[in-house]
Amino acid sequence: MDYRIFPPEELPEAIIDLPLSKSISNRVLIINALAGGDGVVTRVAKCDDTDVMLAALGSSDDTVSIGAAGTAMRFLTAYFAATPGRMVTLDGSERMRRRPIAPLVDALRMCGAHIEYTGEEGYPPLKIEGTTLAGGEIELDGGVSSQFVSALLMVAPTMSGGLKLHIKGDVVSQPYISMTLGIMAEWGVEAQCEGNVITVPHASYTPVAYAVEADWSAASYWYELQSFSFGTIGLRGLKKTGSMQGDSALQDIYRSFGIVTEESDEFAGVLDLMADPDLTPRFEADFSAVPDIAQTVAVSCCLLGIPFHITGLKTLKIKETDRLEALRRELMKISFVVDIDDSSIAWEGARCPVDDNSPVAIDTYDDHRMAMSFAPVAWYVLGLIIRNAEVVTKSYPDFWNHMRSAGFVIEEISKVEGEE
Ligand SMILES: O=C(O)C1=C[C@@H](OP(=O)(O)O)[C@@H](O)[C@H](O)C1
Ligand SMILES: C=C(OP(=O)(O)O)C(=O)O
């Protein structure tokens with residue numbers, strides 16, 4: 001379905017009950033299953049990526065499909081490989097069949113796993129015959145996806161010899177590895193880290209009562225909207241300090257775009273996004289630790305008129321879509337001409353003419369973050385259309401309801417010409 005969006009007549013005003021973190025949720029679900037399923041997980045995120053994880057863990061079918069969820073694909077590959085007696089073919093969406101998995105499969109095979117490719121070598125689907133993994137000392141390229149590291153670490157305590165993992169090269173998405181180690185520690189397994197070598201003992205997880213944090217990546221769209229509109233926006237459920245999510249760096253990033261994050265005096269557990277006149281004249285940053293907020297920040301900078309250069313984005317090509325190319329194409333529709341290369345995106349102020357008489361329709365490329373990072377643009381572009389808007393359910397099913405609660409008027413429209 002396509003949505004046409006109109007901004008509120010007044011300034012946006014809402015307290016947003018953010019979704020829970022899908023990253024934390026999917027780790028907790030895997031670790032809880034490895035612990036025997038006895039943990040008291042009070043609440044996990046409710047979205048496509050966690051639904052497929054829950055369904056897969058509860059399934060005894062020969063074939064399990066995890067749709068478009070990268071964490072589920074990677075974590076379950078390790079989980080099923082380390083589950084003796086389980087035979088399963090693990091598959092996903094068409095896009096998942098284009099997202100690499102070879103470094104993880106190679107590493108698991110070195111630990112004793114039985115995994116075969118049933119389609120193209122290096123990509124899902126995978127046929128997995130579970131066994132007790134021997135483990136040992138192995139190397140893994142850290143530059144493709146941190147999810148490979150997290151997947152190995154979580155099953156490492158089940159390996160009879162434990163695991164000594166040497167992560168080679170640049171490590172992408174590092175905070176997600178720390179998140180994994182942090183959750184493992186909370187469930188009773190302490191890994192040792194020395195530089196890029198992580199050692200995990202053979203051990204058992206201890207079930208614990210666990211509460212999942214709200215999602216900082218989802219918060220990014222509200223920071224973006226607030227930097228455009230300076231309304232009254234509060235975000236409920238986030239940890240201001242001590243969050244295990246790297247995307248909590250949003251607080252510092254949006255300081256540059258005039259937003260100060262403060263604990264609400266009025267409402268417990270709410271962070272207020274306060275306006276501050278301080279705008280940076282130029283934004284430059286390496287986002288290799290926070291890839292999921294690159295789209296939000298790139299769109300924010302363009303609309304705020306702040307030239308920028310964001311580097312460290314080589315993994316964006318292998319996410320839900322090629323996010324750099326998708327950004328380039330869609331920003332052009334609203335007149336911003338950005339430069340992209342293999343690992344960065346920049347805007348130096350170039351604009352191109354656009355036809356003011358035709359509606360602007362943003363394509364979303366099966367990528368929830370394309371839909372959500374462009375939605376706040378409706379503050380400036382009246383009647384902005386977001387195509388295939390339902391894509392947000394991957395991580396944030398309530399996103400459009402939350403936009404409505406902030407005063408936006410959202411109409412479902414029939415498919416627009418030139419549909420992706
Ligand atoms: O481990 C995780 O929960 C995630 C790690 C990151 O992926 P990469 O490590 O592939 O960059 C991130 O982009 C993804 O949304 C979630
Ligand atoms: C990249 C993402 O997810 P995944 O890799 O888990 O599919 C994301 O949510 O932005």
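## Exercises on a two-domain model with two ligands

The shell around ligand 2 takes at least three residues from domain 1 (2-20 + 213-413) and at least three from domain 2 (22-211); the domain bounds come from an automatic or database domain assignment. Before you start, note that this is a predicted model, in which local features need pLDDT of at least 70, side-chain atom pairs count only at pLDDT 80 or more, and totals for chains, interfaces and linings use all residues. Residues are numbered from 1 along each chain as its sequence is written, while chains are lettered from A and ligands numbered from 1 in the order in which they are written.

**Exercise 1.** Find which residues surround ligand 2, and sort them by class.

*Solution.* Step one: list the residues whose C-beta atom, placed from the backbone, lies within 6 Å of the ligand. For ligand 2 these are A69, G70, T71, D292, K319, E320, R369 and S395. Step two: sort them, counting Ala, Val, Leu, Ile, Met, Phe, Trp, Tyr, Cys and Pro as nonpolar, Asp, Glu, Lys and Arg as charged, and the others, Gly among them, as polar. You get one nonpolar, three polar and four charged residues.

**Exercise 2.** Work out where ligand 1 lies with respect to the two domains.

*Solution.* Start with the shell of ligand 1, whose members include S23, T71, S146, Q147, S150, Y176, D292 and T315. By class, this shell has three nonpolar, eight polar and one charged residues. Next, look at its helices: α5 (residues 146-155) gives the largest share, three residues. Helices here are DSSP runs of H or I with at least four residues, strands are runs of E with at least two, and both are numbered from the N terminus. Finally, domain 1 and domain 2 both give residues to the shell, so ligand 1 lies between them.

**Exercise 3.** Describe how helices α1 and α6 cross.

*Solution.* First, take the axes, which are lines fitted to C-alpha atoms over the stretch in contact, with angles running from 0 to 180 degrees between N-to-C directions. The axes of α1 (residues 22-34) and α6 (residues 174-186) come within 10 Å and cross at roughly 40°. Then classify: angles under 35 degrees count as roughly parallel, over 145 as roughly antiparallel, 65 to 115 as roughly perpendicular and the rest as oblique. The two helices α1 and α6 are therefore oblique to each other.

**Exercise 4.** Trace the sheet that contains β13, and say why β2 and β14 are its edges.

*Solution.* Begin with the pairing rule: two strands pair if DSSP finds at least two bridges between them. The order is β2-β13-β15-β14, an open sheet of four strands with mixed pairing. β2 (13-17) and β14 (257-263) each have a single partner strand, so one side of each is left without a neighbour in the sheet. The twist averages 30° from one strand to the next.

Now go along the pairs. β13 (residues 232-236) and β15 (residues 270-279) run antiparallel and are joined by three bridges; R236 stands opposite V270, and L235 has L271 as its bridge partner. β14 and β15 are also antiparallel, over six bridges, with I259 opposite A275. Their hairpin has six residues between the strands, and there G269 takes a positive phi near 75°.
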